[in-house]
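Work through these exercises with the sequence and the 3D view side by side. Try each task before you read its solution.

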Amino acid sequence: MSIITARAKLLAIADRAPTELGVEIIDIVEQEMFRAPPIRKARSKSTSLTEGMRRRIKRYAHENPDATFHEIATHHNVSIGRVSETLNDKYPTRKAAIQ
């Protein structure tokens with residue numbers, strides 16, 4: 001059972017319990033049953049997607065028509081999703097985002 005499920009069940013029991021006991025259950029749930037925040041967050045492994053990078057991806061894809069999205073992404077150190085967005089013109093450029 002996850003913390004979220006256990007917390008919900010205990011709060012439901014607290015609603016049905018006598019007032020004093022219900023308050024005690026709610027205090028325990030609020031103080032002890034929560035997900036701790038992450039200690040650290042992993043840094044991004046891929047390169048940020050600039051307009052120049054978009055052009056390089058498109059040029060590489062044009063020059064290598066048999067290359068898969070995975071191969072293009074690995075070659076440019078970006079995610080497969082960014083390659084897909086770039087080749088399908090789904091990723092807005094800075095100029096479009098500003099307007």
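**Exercise 1: The overall fold**

The protein chain has six helices and zero strands; helices (H or I, at least four residues) and strands (E, at least two) are DSSP runs, numbered from the N terminus. This is a predicted model, where local features need pLDDT of at least 70, side-chain atom pairs count only at pLDDT 80 or more, and totals for chains, interfaces and linings use all residues. Residues are numbered from 1 along each chain as its sequence is written, and side-chain values use heavy atoms, with hydrogens and water left out.

Task: State what share of the protein chain is buried.

Solution. Buried means under 20% relative accessible area, exposed over 50%, partly exposed in between (1.4 Å probe, protein chains only). Of the 99 residues, 19% count as buried.

**Exercise 2: The two sides of a helix**

Task: Find which residues of H4 are buried, and explain how they are arranged.

Solution. Step one: list them. Ile-72, Ala-73 and His-76 are the buried residues of H4. Step two: check their directions. They lie on the same side of H4, because their arc around the axis is only 100 degrees (taken from the directions from the helix axis to the C-beta atoms). Step three: recall the geometry. An α-helix has 3.6 residues a turn, so residues three or four places apart point the same way. Step four: turn to the other side of H4. There, His-70, Thr-74 and His-75 are exposed. Step five: look for the cover. It includes helix H3 (51-63) and H5.

**Exercise 3: An unusual phi**

Task: Locate Asn-77 and describe its phi.

Solution. Asn-77 sits in the loop between helix H4 (69-76) and helix H5 (80-87). Its phi is positive, about 60 degrees, although Asn-77 is not a glycine. Most residues other than glycine have a negative phi. Asn-77 is partly exposed, at a relative accessible area of 40%.

Conventions. Contact = heavy atoms within 4.5 Å.
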